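Let's take a friendly walk through a protein model. Have the sequence and the 3D view ready as you read.

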Amino acid sequence: MGADGHFRVTLSLRREPTAGPVYCKMETSARFRQLKTVKLSCEATYRLDISFKPPQILESLSIGGKQVETIERARDGTACAYSAYHSTKGIPASARGHREELPIAMRVLGSGYLTTCLQIKYYRQDDQSHCEWGARLHCIELDCSSVEGRLVTVDRETYRKLGIES
């Protein structure tokens with residue numbers, strides 16, 4: 001955590017085993033809880049890369065309510081990076097006009113609990129044309145601050161896609 005209690009978390013999703021891109025779209029209707037939807041394919045595995053600036057210690061991670069193992073990939077004086085895997089095997093395709101929530105919860109040593117939620121549309125495995133339509137999602141940046149070392153608040157969430165900030 002920075003001296004002022006602020007740090008940045010960057011989330012990046014890639015489809016495995018080819019490190020294929022993940023797509024997102026802006027919603028045109030106010031009927032959904034969030035303006036941005038991340039598109040995932042059913043029966044697939046995704047790698048979630050999580051980086052912290054300045055470096056933090058990620059004690060635990062849950063995706064969709066399930067604890068997942070994290071692997072520390074890199075660490076230096078300015079940043080650190082972890083990876084984890086999320087499987088969509090057994091998750092049914094989203095009904096037309098519906099979105100699902102994918103909660104992501106992290107326990108960060110000395111900072112507290114950080115939670116965020118992605119709005120997801122799951123597509124059938126054989127429906128790649130829709131799953132790959134939209135803007136290519138580069139990463140999601142979360143500008144965070146720690147409250148008394150127990151709770152992390154997300155002060156700003158930024159979706160970065162194709163060099164565009166939104």
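## What "buried" means here

A residue counts as buried when its relative accessible area is under 20%. Phe 7 has 4% relative accessibility, so Phe 7 is buried. Keep in mind that this is a predicted model.

## Aromatic rings that meet

How many aromatic pairs does a search of the whole structure find? The search turns up 2. In one of them, the ring centres of Phe 7 and Phe 52 are 6.3 Å apart and the planes sit at 45 degrees, so this pair is tilted. Phe 7 belongs to strand β1 (residues 6-16) and Phe 52 to strand β4 (residues 45-53), so to speak of distant parts of the chain is fair: the two are 45 residues apart.

Phe 52 is buried too, with a relative accessible area of 0%. Its ring also pairs with that of Tyr 82: the centres are 6.1 Å apart and the planes lie at 85 degrees, so this pair is edge-to-face. Here again distant parts of the chain are linked, since Tyr 82 is in strand β8 (residues 80-87), 30 residues from Phe 52. Tyr 82 is buried, as is Phe 52. Together, Phe 7, Phe 52 and Tyr 82 make up one aromatic cluster.

## A buried glutamate

Now find Glu 141 in strand β11 (residues 135-147). Is Glu 141 buried or exposed? Its relative accessible area is 10%, so Glu 141 is buried.

The side chain of Glu 141 makes a polar contact of 3.0 Å with the side chain of Arg 160. Leaving aside residues up to four places away in sequence, Glu 141 touches several others, including Arg 8, Val 9, Thr 10 and Arg 156.

Notes
Residues numbered from 1 in each chain as written. Predicted model: local features only at pLDDT ≥ 70, side-chain atom pairs only at ≥ 80, totals over all residues. Heavy atoms only, no water. Helix = DSSP H or I, 4+ residues; strand = E, 2+ residues; numbered from the N terminus. Buried < 20%, exposed > 50% of the residue type's maximum accessible area, 1.4 Å probe, protein only. Polar contact = N/O pair within 3.5 Å; in protein donor to acceptor, adjacent residues only side chain to side chain. Contact = heavy atoms within 4.5 Å. Phe/Tyr/Trp six-rings, centres within 6.5 Å; stacked < 30°, edge-to-face > 60°.
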